[in-house]
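Visitor: I have the model open and would like to go through it piece by piece. Could we take some questions in turn?

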Amino acid sequence: MSSEGKPLGIRKVGIVGLGLIGGSLAKAIHGRTDIKEIVAIDKDEASLKMAEEEGVITGSSCDDVSILSGCDVVILCAPVDVIKNMQDDLAKVDIGMITDVGSVKQPVMDAIRLPNFVGGHPMAGSERYGYACSNGSLFENALYVICLPEYSEVSANMLQSFEELIRAIGAIPMRMTAKEHDERVAAVSHLPHIVASSLSLLMANRDDGALSRMAAGGFRDITRIASSNSKLWAGITSNSREALLPILDEYIDTLTKWKTALENNDSAELEKLFAQGAIYRDHLDINLRGALEASATLNVHVEDKPGELARITAILGKGNINIRNINIRNFRTYEGGQVSLLLGTTKEAVEAYALLKEAGYVCD
Ligand SMILES: NC(=O)c1ccc[n+]([C@@H]2O[C@H](COP(=O)([O-])OP(=O)(O)OC[C@H]3O[C@@H](n4cnc5c(N)ncnc54)[C@H](O)[C@@H]3O)[C@@H](O)[C@H]2O)c1
């Protein structure tokens, strides 16, 4: 069914690469639409077996593309360099529409010049990978970028059905050119991955044992995505280099402004730079999940004693507040720690803050 309860007009979907994104798509389509047939290809037999046992997919193969025959939509969810090499295999099979989820669009669209191909990129993900980490709610409120190649012959009806499918899994379709997409994701996704990893690497080279023990919330937050799959991100960033190199240069220039302000001991300039960064960060639309995975986070300080987590969840449950994710940070050994609650909206965060404060918790 579509988001408005109408049939989607899509009966069979194929997924190539049943990892974090492919598995999450399969689970979302299985759980939220009337599509009965979902087949998958993955070189990892264990992932296919798990998905079949869970009833998420109805058929699978490690490498036989003929399983995709008769699919209305095939979604390529393997690493970008694997997707780029699939044109010849896909051309042999009878498929309605082919799309992909690759994090760069122009190189993929240059490599797969099939008339039934349309580029795609759901702006949702995480530093985790593999089918075991997939989840059917991953795309809720996420932008799902669609890029139409100039050679595309996909009908307007087919595209409309695909956009309905995107809405049915909770995401928001958005069309743009491959160039616009690649420049934007280089800035909001690919550069932050390099920043997180380079910061983590810098600390790794300096760590004398005490440094990592002193690393608190700020360091953990900014380096979270440094834990991503290194092979996958090497492929993404090297395919993104045309858009990434200019923005990396701009970032280095921006860092230089901080360096100059420090060299000149110019605290007014430092304050201006921090304030400009804060103003932009504070005005991001926190109801929209995207590459920055913006959402409302509430940090609750807790004592290290049994039942604390149950007490917090019970208070919020009574207040009818849905917790999307919980992260426990016990970084002050023997002194309790912090529970980080991911909530859907700022309104919920404000309500949760009031309820927890009333119950005696310190939140920020
Ligand atoms: N991780 C993210 O945050 C994110 C977000 C949006 C889009 N993407 C894109 O999604 C795609 C997949 O990323 P992921 O995070 O799901 O990675 P992943 O490692 O979780 O999944 C990739 C899957 O592809 C399979 N695979 C690899 N080579 C294959 C081959 N030759 N044939 C068949 N299967 C093969 C792997 O076994 C794995 O199951 C990439 O193109 C990436 O650019 C990732």
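Visitor: Is Glu263 buried or exposed?
Guide: This is a predicted model, and the values here are computed from it. Glu263 has a relative accessible area of 58%. The cut-off for the upper class is over 50%, so with 58% Glu263 counts as exposed.

Visitor: Which residue forms a salt bridge with Glu263?
Guide: The closest N and O atoms of the pair are 3.8 Å apart, and a salt bridge requires a distance within 4 Å. The two partners sit four residues apart in helix H11 (residues 241-263), which puts about one helical turn between them. The partner has a relative accessibility of 52% and counts as exposed. The residue paired with Glu263 is Lys259.

Visitor: Which helix holds both Glu183 and Lys179?
Guide: The side chains of Glu183 and Lys179 meet in a salt bridge, at 2.9 Å from N to O. Glu183 is partly exposed at 44% relative accessibility, whereas Lys179 is exposed with 54%. The two residues are four apart in sequence, about one helical turn, and the helix that holds them is H7 (residues 178-206).

Visitor: How many residues apart in sequence are the parts tied together by Arg32 and Glu140?
Guide: The side chains of Arg32 and Glu140 form a salt bridge with an N to O distance of 2.8 Å. Arg32 is partly exposed, with 31% relative accessibility, and Glu140 is also in the partly exposed class, with 26%. Arg32 belongs to helix H1, while Glu140 is in the loop between strand S6 (117-122) and strand S7 (143-147), so the pair ties together parts whose separation in residues is 108.

Visitor: How many salt bridges does the structure hold?
Guide: The pair Arg32 and Glu140 is one of them, and the pair Glu183 and Lys179 is another. For the structure, the number of salt bridges is 15.

Visitor: How much space lies in the largest cavity?
Guide: The count of cavities of 30 Å³ or more comes to one. The residues lining the largest cavity are Leu25, Ile29, Ile75, Tyr144, Phe162, Leu165, Ile166 and Ile169. Its space is about 40 Å³.

Visitor: Which element gives the most residues to the lining of the largest cavity?
Guide: Two elements give two or more residues to that lining: helix H1 (20-32) and helix H6 (156-168). The lining divides into eight nonpolar residues, no polar and no charged. With three residues, the element that gives the most is H6.

Visitor: Is Ser161 buried or exposed?
Guide: Ser161 is found in helix H6. Its C-alpha atom is 51 Å from that of Leu270, which is 109 residues away along the chain. A relative accessibility of 16% falls under the 20% limit, so Ser161 counts as buried.

Visitor: Which residues make the nonpolar surface patch of about 240 Å²?
Guide: One member lies in strand S10 (residues 323-329). That member is partly exposed, with a relative accessible area of 32%, and membership of a patch requires over 30%. The patch is made by Leu309, Ile326 and Ile328.

Visitor: What is the approximate phi of Asn265?
Guide: Most residues other than glycine have a negative phi. Asn265 lies in the loop between H11 and helix H12 (267-282) and is exposed, with a relative accessible area of 67%. Its phi is positive, near 50 degrees.

Visitor: What is the approximate phi of Asn320?
Guide: Asn320 is in the loop between helix H13 (308-318) and S10. With 71% relative accessible area, Asn320 is exposed. This residue, which is not glycine, has a positive phi near 60 degrees.

Visitor: How far apart in space are Pro115 and Trp233, C-alpha to C-alpha?
Guide: Pro115 is placed in the loop between helix H5 (106-111) and S6. Pro115 is partly exposed, with a relative accessible area of 39%. Pro115 and Trp233 are 118 residues apart in sequence, and their C-alpha separation in space is 28 Å.

Methods:
Residues numbered from 1 in each chain as written. Predicted model: local features only at pLDDT ≥ 70, side-chain atom pairs only at ≥ 80, totals over all residues. Heavy atoms only, no water. 1 Å grid on protein atoms, 1.4 Å probe; cavity = no way out; pocket = protein on both sides within 12 Å on 5 of 7 lines; lining within 4 Å. Points joined across faces, edges and corners; volume = space filled by probe spheres on them. Nonpolar A, V, L, I, M, F, W, Y, C, P; charged D, E, K, R; others polar. Patch = residues over 30% accessible without salt bridge, like charges linked within 9 Å, V, L, I, M, F, W, Y side chains within 5 Å. Areas by Shrake-Rupley, 256 points an atom, 1.4 Å probe, with all protein chains shown as cover. Buried < 20%, exposed > 50% of the residue type's maximum accessible area, 1.4 Å probe, protein only.
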